[in-house]
Amino acid sequence: MKLILLATIIIFSQLGWINSAKAANPEAIRRLLETKECAGCDLRGANLSNANLIGANLEGANLEGANLSGANLAVTILFRANLANANLFRTTMNDADLRGADLRDAYLVRANLSRAYLTGANLENANLFQTNLIECLASGANFSNANLQESSWFRANLVNADFKASDLFNANLHRANLQNADFSNANLTKAKLMETNITLANLSGANLEGINVRGTSIGPSLCLITNYIECAPPKVIPEVE
């Protein structure tokens with residue numbers, strides 16, 4: 001009798017897990033695709049790959065674990081939406097409103113987030129390899145422990161952004177606003193930091209090997225961290241009498 005009861009519990013618990021894993025509401029998916037109005041919808045685990053969602057309203061929607069690879073989310077409202085663990089491979093999200101959105105552990109490889117609003121968004125542990133973040137507004141956003149290799153941030157607003165322990169190998173931050181950004185223990189090897197205000201950022205423990213800071217003011221704090229060639233005192237050539 002105990003064995004039968006135990007087996008019954010296991011079966012029902014497994015069924016419960018399956019139901020939770022397939023929590024996307026079919027009616028919500030239909031409504032989104034037909035009307036593009038789905039604020040607060042339960043779309044966990046939904047398959048929306050290659051969907052045309054330009055200008056959709058997904059404010060506060062739960063898209064945790066959803067497949068949005070190749071989808072077009074340009075100008076979409078995702079204010080405070082949950083996109084944790086979502087697949088956003090090559091997703092178009094230019095000009096999207098992602099303020100306060102949860103993008104932890106999201107897969108954003110080669111996604112287009114140019115001019116996106118990421119103020120206060122959480123992208124901890126996210127994968128943004130070769131992602132386009134040109135002119136994005138990401139003040140106060142959390143990119144800690146994220147893979148940001150070869151990502152593009154031209155003229156991005158990154159004031160007070162958190163890049164602790166992130167990997168920015170060969171990233172392009174040309175003319176980005178880095179005031180008070182935290183790059184402690186980050187990998188900035190070969191990063192392009194031309195014409196930035198990097199001296200106003202926290203660089204403690206960061207790897208700055210091979211960085212390009214052409215046109216950037218080299219402050220004493222940067223010279224203490226790296227042996228950048230321009231930090232060396234100029235050679236004094238004795239005058240010939």
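Student: Is aspartate 102 buried or exposed in this structure?
Tutor: The structure is a predicted model, in which local features need a pLDDT of at least 70 and side-chain atom pairs count only at pLDDT 80 or more, while totals for chains, interfaces and linings use all residues. Residues are numbered from 1 along each chain as its sequence is written, and side-chain values use heavy atoms, leaving out hydrogens and water. A residue is called buried under 20% relative accessible area, exposed over 50% and partly exposed in between, using a 1.4 Å probe and protein chains only. Since aspartate 102 has a relative accessibility of 15%, it counts as buried.

Student: Which residue does aspartate 102 meet in a salt bridge?
Tutor: A salt bridge is a side-chain nitrogen of Lys or Arg within 4 Å of a carboxyl oxygen of Asp or Glu. The partner of aspartate 102 is partly exposed, with a relative accessible area of 37%. In this salt bridge the distance from N to O is 2.7 Å, and the side chain that aspartate 102 meets is that of arginine 104.

Student: How many residues apart in sequence are the parts that aspartate 95 and arginine 115 tie together?
Tutor: The side chains of aspartate 95 and arginine 115 meet in a salt bridge, at 2.9 Å from N to O. Both residues lie in the loop between helix 2 and helix 3, so the pair ties together parts of the chain whose separation in sequence is 20 residues.

Student: Which residue forms a salt bridge with aspartate 162?
Tutor: Aspartate 162 lies in the loop between helix 2 and helix 3, and it counts as buried because its relative accessibility is 16%. Leaving aside neighbours within four places in sequence, its contacts (heavy atoms within 4.5 Å) are Ala141, Asn142, Phe143, Ser144 and Asp182. The salt-bridge partner is partly exposed at 34% relative accessibility. With the closest N and O atoms 2.7 Å apart, that partner is lysine 164.

Student: How many helices does the chain have?
Tutor: Helices (H or I, at least four residues) and strands (E, at least two) are DSSP runs, numbered from the N terminus. From that end on, the elements of the chain run α-α-α. The chain has zero strands, and its number of helices is three.

Student: Is the aromatic pair of phenylalanine 143 and phenylalanine 163 stacked or edge-to-face?
Tutor: Rings of Phe, Tyr and Trp (its six-membered ring) pair if their centres lie within 6.5 Å, and planes under 30 degrees apart count as stacked, over 60 as edge-to-face and the rest as tilted. The structure holds five aromatic pairs, and one of them joins phenylalanine 143 to tryptophan 153 edge-to-face, at 5.2 Å centre to centre and 85° between the planes. For phenylalanine 143 and phenylalanine 163, the centres are 5.0 Å apart and the planes 10° apart, and the pair is therefore stacked.

Student: How many residues are in the largest nonpolar core?
Tutor: A nonpolar core is a set of buried Ala, Val, Leu, Ile, Met, Phe, Trp, Tyr and Cys residues joined through side-chain atoms within 4.5 Å. Leu98, Leu108, Trp153 and Phe183 have the most contacts inside the largest one, and Trp153 and Phe183 also belong to one aromatic cluster with Phe143 and Phe163. The number of residues in this core is 68.

Student: Which residue does a disulfide join to cysteine 38?
Tutor: A disulfide is a pair of cysteine sulfur atoms within 2.5 Å, and by this rule the count comes to one. The torsion about its S-S bond is about -100°, so the disulfide is left-handed. Both of its cysteines are buried. The S to S distance is 2.0 Å, and the residue joined to cysteine 38 is cysteine 41.

Student: What separates the C-alpha atoms of leucine 200 and asparagine 180?
Tutor: Leucine 200 is in the loop between helix 2 (26–35) and helix 3 (220–225), and it is partly exposed, with a relative accessible area of 45%. Not counting residues up to four places away in sequence, leucine 200 touches Leu178, Gln179 and Asn180. Although leucine 200 and asparagine 180 are 20 residues apart along the chain, their C-alpha atoms are separated by 5.7 Å.
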